[in-house]
Amino acid sequence: MADQNNKNDNNFFKDNPLIAFAVFSIVVIVIFKVFVGANEGVNTFTQANRGVVQTKKVSYSEIKELVKSDKIKELKITPTLIEAIGKDGAGKVRYIAEKVPASDPTFIQLLDEHKVKYVGVMGGGLMAELISSILPILLFFGIWIFLAKRMSKGVGGGILGVGKAGKLINSEKPDVKFDDVAGVDEAKEEVKEIVDFLKYPERYIELGAKIPKGVLLVGPPGTGKTLLAKAVAGEASVPFFSVSGSSFIEMFVGVGASRVRDLFEQAKKEAPAIIFIDEIDAIGKSRTAGGPMGGNDEREQTLNQLLAEMDGFGTDTPVIVLAATNRPEVLDPALLRAGRFDRQVLVDKPDFEGRLAILKIHSKDVKLSPEVNLEEIAKATAGLAGADLANIINEAALLAGRQNKKQIEQKDLMEAIERAFVGLEKKNRKINELEKKIVSYHESGHALMAELTKGATRVTKVSIIPRGLGALGYTLHLPDEENRFLKQKHELMAEIDVLLGGRAAEEIFVGDISTGAGNDLQRATDILRDMITKYGMSEVAGLMVLETNSGGAFLGGGQVIKDYSEKMAEAIDDTIKSILDDRYKFVKETLSEYAEAIENMTQELLEKEVIEGSKVQEIIQVFEEKHGKESRLAHVQRNQGSDENKQAEE
Ligand code: ADP
Ligand code: ZN
């Protein structure tokens, strides 16, 4: 996301259509002024006007007489008037004749005969007046429409991109390799097979293998999604087409769509190739979640075009679309369907080992003093992404340079870290020891409940590395089967138990509760409310549907129509509260029973920051066996889940 290399050149006017418009207007007006000014030919005539002592209004025939008697030296003819400069006894006189015949060929002849200097202003009376006032406007709109057309055909790039017609999106051949990306080993593993396909497409095509078309890289900003995509292209040495989702959203409806068309056309021409779409959420936002202003036509058209393009090329075309987002939850489900971005790869913030590896990569280009201890740096930078680490190294180099040092010292790095954290405060906070402890218990609570509850999704990974805004840790789950569109009641209830696990763990093991569970509780409440009011899953409301989503994409989406009495509202609230209380009691009992397992999990988390789902299961199993308990692990016989529909509890 923070890729500065070659994305933003020439984008200034595209990103600022209003400024482009203003610049245009000025250029047009200036050109017009110059053009018309020259036409009037007044410049030379004003000289003749100098020193005029008197102006006399005369008739056309009088002017003619004056010319004939050689009283006139210079003269200006316009369609409506003749201005003549002559000499009278007293000095220079200006004669003005206002009623001029439309055409009088003898007049010019007369002027020539009497050697009068004259200038003329071309045009034809009223018509000329009209043209001179309307022309600029016509010209202006002409150019405007011309540009708009050009752009919607996708020929030019942006409002001022006329000059470089033809090539809209440039490809590059990055020399980034997998070795340049660290700390995201799983993601690397997942994209490695893409490299093989791009390198030897024939092998796969001959076998009739279906190749993934789209891979969604999901993760916080600066974790190396762009870098990873480049590395795929670099390893396969194929062209890399890079665009940003937000750059598709232009002034004119249809521009984004035509650009998508262009992009794919170009990529297919240069196949095998990689298309990288950064910030895909800018175009891929759910079409029903239109936001306060309702849907956005432009975005929708762009999205539809993207879907059409992805459906349009076969799995035998070696073009792979990688897209990046840090908000997968807002994406339109249509984007994630089979044959589109049906693979999601998590590109997460690095753990300790990852940070160390990234620091090593980026310190290759600078001079480090031998006393520098990168382990210490890695330890001190929990919660930071790769881009932050790269910045820290650079900042340290600048600090050392300012003090005229020959090498970067540990001191410089530590100071750079401090600065980074000050800059990132709140947004990407470094968590303190107490917070770490709270988060570890909280996440362990989620993880335990997820493993023990039938219908809950398995734990893939538990992490106490802060992720994005607000979330200090998270537990990642995978659903059991692919493409689940339906949820059963017991699964929804399981979700509630898992959500409550975080708060319950805090209460039992930390002895106090924190604000960290707010989001969980909100979600649990929402699920219950929906069960009652939308899905007819309760006794209070029975099968009666009380809330409907109206409008959908067209009326701004997501407007909820509530159709029930005050009394019913009260009954619903009471029911939600009593179910939550009930479940919370159960969850607390479960956690207390498994206290030792929670302690072990927490210990592991505090040490490693991230633990795998398998480790969670192992800890539970060890605990159960040690105490001769019958296993409550809900997932023991379950088969491996797919990568689809990752969910996270914070
Ligand atoms: P994203 O696309 O996820 O926002 P970028 O790929 O643009 O992140 O990362 C910006 C820069 O930060 C990279 O060019 C690289 O220098 C550095 N960086 C980020 N993540 C990593 C990583 N995992 N390994 C090495 N360098 C990284
Ligand atoms: Zn939580």
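**Briefing: a sheet, three helix settings and one buried serine**

Helices α19 and α20 are oblique to each other, because their angle of about 130° falls neither over 145 degrees nor within 65 to 115 degrees. The model is predicted. The points below cover that helix pair, an open sheet of 5 strands, helix α12 with its buried residues, and Ser444 in helix α17.

**The pair α19 and α20**

- Helix α19 covers residues 518–533 and helix α20 covers residues 566–593; their axes lie 10 Å apart where the two pack.
- The crossing of α19 and α20 is right-handed.
- On the α19 side, the contact is made by Ala524, Thr525, Leu528, Arg529, Ile532 and Thr533.
- On the α20 side, Ile572, Asp573, Thr575, Ile576, Ile579 and Leu580 make the contact.

**The open sheet**

- The 5 strands follow the order β1-β4-β3-β2-β5, and their pairing is mixed.
- Strands β1 (52–58) and β5 (117–120) are at the edges with a single partner strand each, so one side of each has no neighbour in the sheet.
- On average, neighbouring strands of this sheet are turned by 15° against each other, direction ignored.
- Within the sheet, β3 (residues 82–87) pairs with β4 (residues 92–97) in the antiparallel sense, over 6 bridges.
- Ala84 has Tyr95 of β4 standing opposite.
- Helix α5 (residues 105–113) lies across β2 (72–77), β3 and β5, and runs at about 150° to β2.

**Helix α12**

- Helix α12 spans residues 297–312, which is 16 residues.
- From first C-alpha to last, α12 reaches 22 Å, close to the 22 Å expected at 1.5 Å a residue.
- Buried residues of α12 are Glu298, Arg299, Thr302, Leu303, Gln305, Leu306, Leu307, Glu309 and Met310.
- Those buried residues pack against three strands and two helices: β7 (214–218), β9 (273–278) and β10 (319–325), together with α10 (255–269) and α11 (281–284).
- As background, residues three or four places apart in an α-helix point the same way, because there are 3.6 residues a turn.

**Ser444**

- Ser444 sits in helix α17, which runs over residues 433–452.
- Ser444 counts as buried because its relative accessibility is 0%, and the cut-off for buried is under 20%.
- Leaving out residues up to four places away in sequence, Ser444 touches Ile598, Met601, Thr602 and Leu605.

How values were computed. Residues numbered from 1 in each chain as written. Chains lettered and ligands numbered in written order. Predicted model: local features only at pLDDT ≥ 70, side-chain atom pairs only at ≥ 80, totals over all residues. Heavy atoms only, no water. Pairing = 2+ DSSP bridges. Helix = DSSP H or I, 4+ residues; strand = E, 2+ residues; numbered from the N terminus. Axes fitted to C-alpha atoms, helices over the stretch in contact; angles between N-to-C directions. Contact = heavy atoms within 4.5 Å. Expected span 1.5 Å × (residues − 1). Buried < 20%, exposed > 50% of the residue type's maximum accessible area, 1.4 Å probe, protein only. Parallel < 35°, antiparallel > 145°, perpendicular 65-115°, else oblique. Left-handed = near helix turned anticlockwise from the far one by under 90°.
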